[in-house]
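Visitor: I am new to this structure and would like a close look at a single part of it, the nonpolar interior. Could you take me through that part slowly, and then show me what lies around it?

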Amino acid sequence: MSQPISGKVQTVLGLMSPDDLGITSMHEHLMIDFTVVFQKPDNLTEIAKSYEPVTMQNLGWIRYDPFRSFTNLSLEDEDLAVDEVKKFVASGGTSIVETTSVGIARSPESLAMISRMSGANIIMGSGYYIAASHPDYVSDKSENDIADEIVSDIMCGVENTGVKSGFIGEIGCSWPLTANEKKVLRASAIAQSKTGASIIIHPGRDVQAPFDILDILGEAGADMQRVVMGHIGRTYVDVELVIKLASLGCYLSYDQFGWENSYFSYGSTDFPSDAMRIGYIKRLADAGFVNQIVIGQDIACKHLLQKYGGYGYAHLPDNVIPRLVSGGLTQGQVDIITKINPAKILTFN
């Protein structure tokens, strides 16, 4: 279907050429209410700590398990976001894919302001996060209703803001998938067929989850080569399974760089370090999948920002990209991962 946005990338400030996208972080949050993932401690002392401000005194406790700090799980300061994104731009970063979806406080007008003030291209998504965050009305909507909503976000803008989405996602999936999450996935495939947009997925925490998600998307008519499977690093330690997933055609997103000091685990899978992520990417590149890899940081908590002792958005150009080269990738391969692949996936068909 021919669209006026075909061949372009759509940012919160309007259309742009994919050639100008530059170094792109493919999975970030600038404004978010992430308290849906809060894991309340089971003793009174730690419960009290959960609601304390993030400070140097409790930063180590928060870093070790970020989801037990309620205060840590929201980014609501526009001026702070501008300051942190300016550091990304000053270090050579150009574009940020902002994956906050409905249910975790997507903020179109804030993103437009942050883009204008920081100089970064910001691409905003459309759709719903995990079922635990869904507004009650999602149960009453059909998949066509949800698809129409996504199409409107892309073609007309979110509600009456005039700020338009540039991709579908991040579409949140639990494990196992709920009925509403399956409905949202099918709606995303329908909306993709009408707009030519890419789809970015937050998979459930099981090695089978990404495969089940692709099955549902495929049955609903989605283009697998326009799907980005997120959080690969925290989902798989077996690269052979990632290769099996890549063979289905989707993009692979290693998007939690900078969560270096977090030691909580997902089931039997420990949270990987940056060094481990780079090792996985090198093995996938050697196996011939460099054209399907993208990277990001998934900054969704205060402790990851420079103000609170984290690496901030600038970690990608400052540290990760040089380490990818020193880790054995060529500069050409790094450019494919950080510039060419994002431009391909974010360009509307």
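Guide: In this predicted model, the largest nonpolar core has 61 residues, and those with the most contacts inside it are L185, I201, L217, L245, Y254, I281 and I295. Helix α6, which covers residues 179-195, gives this core its largest share, namely six residues. To see how one of these residues is placed, begin with L185, which touches I171, C173, L177, I201, I213, I216 and L217 when residues up to four places away in sequence are not counted. Apart from this core lies another, of 40 residues, with F88, L111, M124 and L304 among them.

From L185 one can step to I201, since the two touch, and I201 leads on to a sheet. I201 has M229 in β10 as its bridge partner, and the two strands concerned, β9 (residues 199-202) and β10 (residues 227-229), pair in the parallel sense over three bridges. They belong to an open sheet of five strands, arranged in the order β8-β9-β10-β11-β14 with parallel pairing. At the edges stand β8 (168-172) and β14 (293-295), and because each has a single partner strand, one side of each is left without a neighbour in the sheet. On average, and with direction ignored, neighbouring strands of this sheet are turned by 25° against each other.

L217 and L245, two more of the residues with the most contacts inside the largest core, direct attention to a pair of helices. The axes of helix α7 (residues 209-219) and helix α9 (residues 239-246) come within 11 Å and cross at roughly 5°, which makes α7 roughly parallel to α9. The contact is made by P210, F211 and L214 on the side of α7, and by L241, K244 and L245 on the side of α9. Sorted by class, this contact has five nonpolar residues, no polar ones and one charged residue.

There is also a second sheet to consider, an open one of three strands in the order β3-β6-β7, again with parallel pairing. Its edge strands are β3 (24-28) and β7 (121-124), each of which pairs on one side only, and neighbouring strands here are turned by 20° against each other on average, direction ignored. Although β3 is an edge strand, five of its five residues are buried, so β3 is largely enclosed by the rest of the structure. Three bridges join β3 to β6 (residues 95-98), the two strands running parallel, and the bridge partner of E28 in β6 is E98. Helix α4 (residues 108-118) lies across β6 and β7, and runs at about 165° to β7.

As a contrast with these buried parts, consider finally M56, which is found in the loop between α1 (44-50) and α2 (59-64). With a relative accessible area of 65%, M56 counts as exposed, because that value is over 50%. M56 and G309 are 253 residues apart in sequence, yet 7.8 Å apart in space, C-alpha to C-alpha.

Methods: Residues numbered from 1 in each chain as written. Predicted model: local features only at pLDDT ≥ 70, side-chain atom pairs only at ≥ 80, totals over all residues. Heavy atoms only, no water. Helix = DSSP H or I, 4+ residues; strand = E, 2+ residues; numbered from the N terminus. Buried < 20%, exposed > 50% of the residue type's maximum accessible area, 1.4 Å probe, protein only. Axes fitted to C-alpha atoms, helices over the stretch in contact; angles between N-to-C directions. Parallel < 35°, antiparallel > 145°, perpendicular 65-115°, else oblique. Contact = heavy atoms within 4.5 Å. Nonpolar A, V, L, I, M, F, W, Y, C, P; charged D, E, K, R; others polar. Pairing = 2+ DSSP bridges. Core = buried A, V, L, I, M, F, W, Y, C linked by side-chain atoms within 4.5 Å.
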